[in-house]
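Biologist: I'd like to learn how to read a few features off a model. Could you take me through one, step by step?

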Amino acid sequence: MMVCYCSNMNMQDIAYDGERIQWANRSIRSPEATFGQICYNPGGFCGPRTQRYYELILLQSGSCVVTLDHVTVFPSKVGGLYLFQPKHLEQFQYDAGGASNHWWCAVHPMALPPETRLALDTMPDGFAVFPSECINHILASAFSLGTALSESHSVITALAIAIFAEFIHCAQRKSVKDVQVTKAIQYMQDHLSDEDCLKKAQQVAACAKTAFTYKFTQVTGKTPSRYLWQLRTERGIHLLAASGLSISEISYRCGFKSPYHFSRCVQQLRSVSPRALRQAAWND
């Protein structure tokens with residue numbers, strides 16, 4: 001967890017007890033993603049640090065109490081795969097009586113598909129599942145690459161994206177979503193630029209407007225309208241990084257009424273302007 005995920009990370013963002021860490025000789029990374037394993041000696045800790053990535057952490061032995069944003073949230077359990085999201089202040093206090101081992105996978109937000117980020121953002125920070133066999137196989141595949149050459153970077157990033165996709169799959173199996181809401185979300189994803197997208201999504205769900213809003217909010221934590229605008233914004237952010245389309249063209253393609261509306265939504269979601277976001281993505 002102490003490995004730098006990209007060359008521009010500031011080491012001042014990280015605090016830890018170096019004398020109580022055994023550096024495991026298992027880490028592999030690309031510019032966008034990192035897989036790693038580490039052992040903390042008794043009383044070791046990590047943080048406080050501001051998370052800048054989406055990260056999955058699995059405690060293999062020992063114990064750990066996690067503090068998020070200065071509030072002690074939970075003791076992490078051995079065998080649980082926990083999600084940590086960008087922008088939160090984190091601190092990890094490990095077992096005082098014995099060594100604690102864990103592995104992690106971290107990926108830069110811009111490396112994940114918009115739909116994956118949106119699904120992760122609907123989960124609470126520290127959300128956990130038990131890893132599937134698929135996750136174990138992906139992890140083994142990543143570490144089998146050894147010290148990765150630049151030719152392996154695309155494989156590492158692809159494996160990181162795959163492990164987050166499977167995490168979402170495990171989460172969906174853990175708490176089965178309402179079928180009507182699932183159908184509505186799928187329609188939104190396929191028709192997000194349509195002016196009547198929200199109305200048609202409700203029709204696809206075959207649900208009265210009030211009941212639809214209630215069910216949708218219960219499942220996703222967002223109203224249908226807010227979910228759609230976030231989905232449109234995420235798609236626009238993806239196009240900013242992956243295409244040379246103008247900001248105006250992207251805004252209309254994603255269902256926004258104007259470039260100003262798109263810019264305001266990007267600012268609210270990422271705290272930067274579309275132009276600055278594109279420049280940062282292209283520079284990276």
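**Reading the contacts**

Modeller: Sure, let's start with one residue: glutamate 249 is partly exposed, its relative accessible area being 34%. Keep in mind that this is a predicted model.

Biologist: Which residue does glutamate 249 form a salt bridge with?

Modeller: The general idea is that side chains of opposite charge can pair when their charged atoms come close. Here the partner of glutamate 249 is arginine 253, and the closest N and O atoms are 3.1 Å apart. Arginine 253 is partly exposed too, with a relative accessible area of 48%.

Biologist: How far apart are glutamate 249 and arginine 253 in helix α8?

Modeller: They sit four residues apart in α8 (residues 247-253), so about one helical turn separates them.

Biologist: And how many salt bridges are there by this rule?

Modeller: The count is eight. One of them joins the side chains of glutamate 115 and arginine 235, at 2.7 Å from N to O. Glutamate 115 belongs to helix α1 (residues 114-121) and arginine 235 to helix α7 (residues 224-242), so this pair ties together parts that lie 120 residues apart in sequence. As for accessibility, glutamate 115 is partly exposed at 29% relative accessible area, and arginine 235 is partly exposed at 22%.

Biologist: What other salt bridges could I look up?

Modeller: Try aspartate 196 with lysine 200, where the closest N and O atoms are 3.2 Å apart. Aspartate 196 has a relative accessible area of 33%, which makes it partly exposed, and lysine 200 is partly exposed at 31%. Then there's a network of salt bridges linking Arg49, Glu55 and Glu90.

Biologist: Let's turn to helices. At what angle do α4 and α6 pack?

Modeller: Two packed helices are described by the angle between their axes and the distance between the axes. For α4 (residues 179-190) and α6 (residues 209-220), the angle is about 85° and the axes are 10 Å apart. That puts α4 roughly perpendicular to α6.

Biologist: Which residues make the contact?

Modeller: From α4 you have Gln180, Val181, Ala184, Ile185 and Met188, and from α6 Phe212, Lys215, Phe216, Val219 and Thr220. Sorted by character, the residues of this contact are seven nonpolar, two polar and one charged.

Biologist: Now the strands. In what order do the four strands of the open sheet come?

Modeller: Strands of a sheet pair through backbone hydrogen bonds, either parallel or antiparallel. In this open sheet the order is β3-β8-β5-β6, with antiparallel pairing. At the edges are β3 (45-50) and β6 (71-76), each pairing on one side only. On average, neighbouring strands here are turned by 15° against each other, ignoring direction.

Biologist: How many bridges join β5 to β8?

Modeller: Five bridges connect β5 (residues 64-68) and β8 (residues 89-94), and the two run antiparallel. For a single example, take leucine 68: its bridge partner in β8 is glutamate 90. Glu90 also turned up in the salt-bridge network with Arg49 and Glu55.

Biologist: One last residue, leucine 159: buried or exposed?

Modeller: Buried, with a relative accessible area of 17%, where the cut-off for buried is under 20%. Leucine 159 is placed in helix α3 (residues 153-174). Setting aside neighbours within four places in sequence, its contacts are Phe35, Ile138, Ser141, Ala142 and Leu145. Look also at alanine 33, which is 126 residues away from leucine 159 along the chain, while their C-alpha atoms are 9.0 Å apart.

Terms used
Residues numbered from 1 in each chain as written. Predicted model: local features only at pLDDT ≥ 70, side-chain atom pairs only at ≥ 80, totals over all residues. Heavy atoms only, no water. Salt bridge = Lys/Arg side-chain N within 4 Å of Asp/Glu carboxyl O. Buried < 20%, exposed > 50% of the residue type's maximum accessible area, 1.4 Å probe, protein only. Axes fitted to C-alpha atoms, helices over the stretch in contact; angles between N-to-C directions. Parallel < 35°, antiparallel > 145°, perpendicular 65-115°, else oblique. Contact = heavy atoms within 4.5 Å. Nonpolar A, V, L, I, M, F, W, Y, C, P; charged D, E, K, R; others polar. Pairing = 2+ DSSP bridges.
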